[in-house]
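Dear colleague,

Please find below the structure that I am handing over to you. My notes on it follow directly after.

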Amino acid sequence: PPVEGWCLFYFYCGAWLMYELGITGCKAGWEPKDFASLAHSEEKCRQVLSFLRGGSEIKETENIIDMDANPYLPNGWNVEEHRRGGLLKWDPTKVKFRLSKNQQGDKRIVGNELRKELVKQPVLNVNMLDYLYAKQELIPEEWKRNQDGSIRYTFFWGTIYRNSDGSLFVRCLCFIDGQWFWVCRWLGHDWGSHDPAAVSAS
């Protein structure tokens, strides 16, 4: 019957278009969670439809990091030092990796000594680490590895913690086995060429 024929036609056309949408979305960087977010939100579907029909515009969200906020506090830890830095618009070109001359090549330096060298440096605090950890799509590819291909551990010396034993620690961001992690290191440990400090480039 004609009606059933048209229903099948629209069904197959719709299925083919959804397949093409999936392919194009993946090429644009969409992940399954992005498709699921759209599929389960009527409001988001309305917003997308309004954009497609010319009723609204899409503007990039500015990523502003509050470097003045109190830092995340792991259980049982206290903040020993936290250098505040105002509101900071995320721009990877404004961050650089700093190595002490005592970290370069095969040299290593104890964290307590490195801390003294960084006193007058514009080191960034862990508010940036936690912001990037929550929005990992913002982290530049080059943050994963250093020049020799080894894992880069980017330390945020603007915040130093003291644990329940009284030991001092600093946190870092690293990419291991295909995932981003934050880890910490005791200041009595050594820092080498793959352990740069994140500092402001401006």
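The notes below take up the strands, one helix, the salt bridges and the pockets in turn. Please bear in mind throughout that this is a predicted model.

**Strand β8 and its partners**

I begin with strand β8, which covers residues 168-176. Eight of its nine residues are buried, so β8 is largely enclosed by the rest of the structure. Strand β9 (residues 179-186) runs antiparallel to β8, and eight bridges join the two. Within this pairing, Phe 169 stands opposite Trp 186, and Phe 175 has Trp 180 as its bridge partner. The hairpin of β8 and β9 has two residues between the strands, and Asp 177 takes a positive phi there, near 50°.

Strand β8 also pairs with β7, in the antiparallel sense and over two bridges. Here Arg 162 is matched with Leu 168 of β8. Five residues lie between the strands in the hairpin of β7 and β8, where Gly 166 has a positive phi near 90°. A further antiparallel partner is strand β6 (residues 154-155), joined to β8 by two bridges. In that pairing, Leu 173 of β8 is the bridge partner of Thr 154.

**Helix α5**

Helix α5 spans residues 126-134, and its buried residues are Val 126, Asn 127, Met 128, Leu 129, Tyr 131 and Leu 132. At the start of the helix, a side-chain oxygen of Asn 125 comes to within 2.8 Å of the backbone nitrogen of Asn 127. A contact from strand β7 also reaches this helix. Thr 159 belongs to β7 (residues 159-162), and a polar atom of the Thr 159 side chain lies 3.1 Å from the backbone nitrogen of Val 126. Thr 159 has a relative accessible area of 0% and therefore counts as buried.

**Salt bridges**

How many salt bridges does the model contain? The count comes to nine. I describe some of them here.

Helix α5 and strand β8 are connected by one such pair. Arg 171 forms a salt bridge with Asp 130, with the closest N and O atoms 2.6 Å apart. Arg 171 lies in strand β8 and Asp 130 in helix α5, 41 residues apart, so that the pair links distant parts of the chain. Are the two partners buried or exposed? Arg 171 is buried, at 0% relative accessible area, whereas Asp 130 is partly exposed, at 21%.

Another pair joins Asp 195 to Arg 185, whose closest N and O atoms are 2.9 Å apart. Asp 195 sits in the loop between β10 and β11 (197-200), and Arg 185 in strand β9, ten residues apart. Both of these residues are buried; for Arg 185 the relative accessibility is 14%, which is why that residue counts as buried under the 20% limit. The Arg 185 side chain also reaches the backbone oxygen of Asp 190, at 3.2 Å.

Asp 190 in turn has a salt bridge of its own, with Arg 108 (4.0 Å, N to O). This pair again links distant parts of the chain: Asp 190 is in strand β10 (residues 190-191), and Arg 108 is in the loop between β4 (95-98) and β5 (109-110), 82 residues apart. Asp 190 is partly exposed, with a relative accessible area of 30%, and Arg 108 is partly exposed as well, at 43%.

Finally, Glu 81, Arg 83 and Arg 115 are linked in a network of salt bridges.

**Pockets**

The largest pocket holds about 1,000 Å³ of space. Its lining consists of 26 residues, of which Trp 30, Asp 34, Leu 38, Val 48 and Ile 58 lie nearest the centre. Helices α1 (2-27), α2 (32-39) and α3 (42-52) are the elements that each give two or more residues to this lining. By class, the lining has eleven nonpolar, eight polar and seven charged residues.

The second largest pocket has a volume of about 190 Å³. Gly 29, Glu 31, Lys 33, Asp 34, Gln 136 and Glu 137 line this pocket. Which classes do these residues belong to? Four are charged and two are polar, with no nonpolar residue in the lining. Asp 34 is thus named for the largest pocket and for the second largest pocket.

With kind regards

Definitions and conventions:
Residues are numbered from 1 along each chain as its sequence is written. This is a predicted model: local features need pLDDT of at least 70, side-chain atom pairs count only at pLDDT 80 or more; totals for chains, interfaces and linings use all residues. Side-chain values use heavy atoms; hydrogens and water are left out. On a 1 Å grid over the protein atoms alone, a cavity is a set of points where a 1.4 Å probe fits but cannot get out, and a pocket is an open set with protein on both sides within 12 Å along at least five of seven lines; lining residues have an atom within 4 Å of a point. Grid points are joined across faces, edges and corners, and a volume is the space filled by probe spheres set on the points. Helices (H or I, at least four residues) and strands (E, at least two) are DSSP runs, numbered from the N terminus. Ala, Val, Leu, Ile, Met, Phe, Trp, Tyr, Cys and Pro count as nonpolar, Asp, Glu, Lys and Arg as charged, and the others, Gly among them, as polar. Buried means under 20% relative accessible area, exposed over 50%, partly exposed in between (1.4 Å probe, protein chains only). A polar contact is a pair of N or O atoms within 3.5 Å; within protein, one must be able to donate a hydrogen and the other to accept it, and residues adjacent in sequence count only if both atoms are side-chain atoms. Two strands pair if DSSP finds at least two bridges between them. A salt bridge is a side-chain nitrogen of Lys or Arg within 4 Å of a carboxyl oxygen of Asp or Glu.
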